[in-house]
Amino acid sequence: MLFALAILAAAGASEVGAQPYPSRPVRIIVPNAAGGLADICARLVAAKLARAVGQQFRVENRPGAGGTLGTAAAVKAAPDGTTLLAVFDSHATNPHLFKPLPYDTLADLAPISLLVRGPLVLVVHPGLGPNTVPELVKLAQSRPGAINFAAVGPGSPARLLMELLKIEAGINVTMVAYKGAGLALGDLVGGQVDAMFATVPSIRSHYRAGRLRALAITSERRSTIAPGVPAMNELYPGFVAEAWVALLAPARTSPAIVARINAEVSRILAQPEMKERFAEQGLETAGGTPAQLDRWIRAELERWGRVIREQKITLE
């Protein structure tokens, strides 16, 4: 009798210990400043996750060192599902720029889901002259180093896409570094620099008002978010690049927890309201499985690693 009671007590204790996930608040570390793409995306998804599972999901901004400080903090967190990490495209360029990193980009993080993705646009100041990419390339070839491209940081999409264009078109242009995209865009509109790659929302009003000229979009094909603008892929096959945000967890997080978050995120991203909110930002909801995100990050690591090596890009 005592033996039977002991078994029942153990079973009861086991049921109490196996609390449903999440049993306490979850933080989503954003390794960048508030107001950026990863931050906006994380906050929209966090609010929906909180309502879906009945537990608080709070965003914690941990900027610094190109996003590596916040990422390192997430890597060191307990793999119990109470710490997640929202990264954007610099996550795949940092391993090639920051050496050594305090973590392994692939081994120390478990992929959960790609959240959003969206192309950039090559824009020029109207005073520069070119109306098409071939005209821009011809001008750059005739005046090596004379055209100034605005870029934000060595590993930013604006910088790397400029470097990719230099490789594909065989041109030489000058990079002008800025600390923020807003400053770069302001100087482009003012004519202090000639061209840059920028997100669709950031240039939309300037483009419509004629203050900037859009020459190409970096999506695989022409997009309704930039009507009438050719795709770079039409001129240089494979010239496809997108800004993106993904959700990760510390390595060794339970596959069951990863699967639970992935399922909830998939449902959230499928909501028409969320699709509309992100479309306003020139983005589309992505979703997908953890395995698909793993392949995405590996492909981004390989692609931009090649560009960084070939162009000898450093943090200096």
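Let's start with A158, a residue of this predicted model that sits in helix α6. Is A158 buried or exposed? Its relative accessible area is 8%, and a residue is called buried when that figure is under 20%, so A158 counts as buried. Who are its neighbours? Leaving out residues up to four places away in sequence, A158 touches A150, A151, V152 and F197. For a sense of scale, try finding R24 as well: R24 and A158 are 134 residues apart in sequence, and their C-alpha atoms are 39 Å apart in space.

Now look at F197 again, because it leads us on to F149. Once more not counting residues up to four places away in sequence, F149 touches F197, along with L122, L136, M162, L165, V173, T174, M175, V176, A195 and M196. That's quite a list, and it takes us to the largest nonpolar core, which has 53 residues. Inside that core, F149, L122 and L165 are the residues with the most contacts. Which helix gives the most to this core? That would be α12, running over residues 290-310, with seven residues. Apart from this core lies another one, of 31 residues, including V30, V245, I261 and L283. There's a general habit behind this kind of thing: in soluble globular proteins, nonpolar side chains tend to be buried together.

Next, the empty spaces. How many cavities of 30 Å³ or more turn up in a search of the whole structure? The search finds three, and the largest has a volume of about 90 Å³. Its lining is made by 14 residues, and D89, P157, E242, E300 and W304 are the closest to its centre. Helix α6, where we met A158, gives the most to this lining, with three residues. By class, the lining has seven nonpolar, four polar and three charged residues.

Pockets are the open spaces, and the largest one holds about 1000 Å³. Of the 42 residues lining it, F88, V152, S156, P157 and A181 are the closest to its centre. You've seen V152 already, as one of the residues that A158 touches. Several elements give two or more residues to this lining, among them α2, α6, β7 and α8. Which one gives the most? Strand β7 does, with four residues. The lining splits into 23 nonpolar, 17 polar and two charged residues.

The second largest pocket, with a volume of about 410 Å³, is lined by 22 residues. Nearest its centre lie R117, P119, S219, E242 and E284, and E242 is also one of the residues closest to the centre of the largest cavity. Here the lining has seven nonpolar, six polar and nine charged residues. Among the elements that supply at least two residues each are β4 and α12.

Let's finish with α2, which spans residues 37-53. This helix has 17 residues and reaches 24 Å from its first C-alpha to its last, close to the 24 Å expected at 1.5 Å a residue. Its buried residues include A38, C41, A42, V45, L49 and V53, and also D39 and K48. If you're trying to follow the pattern, remember that an α-helix has 3.6 residues a turn, so residues three or four places apart point the same way. Just after α2 comes G54, whose phi is positive, near 70 degrees.

Technical notes: Residues are numbered from 1 along each chain as its sequence is written. This is a predicted model: local features need pLDDT of at least 70, side-chain atom pairs count only at pLDDT 80 or more; totals for chains, interfaces and linings use all residues. Side-chain values use heavy atoms; hydrogens and water are left out. A nonpolar core is a set of buried Ala, Val, Leu, Ile, Met, Phe, Trp, Tyr and Cys residues joined through side-chain atoms within 4.5 Å. Buried means under 20% relative accessible area, exposed over 50%, partly exposed in between (1.4 Å probe, protein chains only). Contact means heavy atoms within 4.5 Å. On a 1 Å grid over the protein atoms alone, a cavity is a set of points where a 1.4 Å probe fits but cannot get out, and a pocket is an open set with protein on both sides within 12 Å along at least five of seven lines; lining residues have an atom within 4 Å of a point. Grid points are joined across faces, edges and corners, and a volume is the space filled by probe spheres set on the points. Ala, Val, Leu, Ile, Met, Phe, Trp, Tyr, Cys and Pro count as nonpolar, Asp, Glu, Lys and Arg as charged, and the others, Gly among them, as polar. The expected span of a helix is 1.5 Å times one less than its number of residues.
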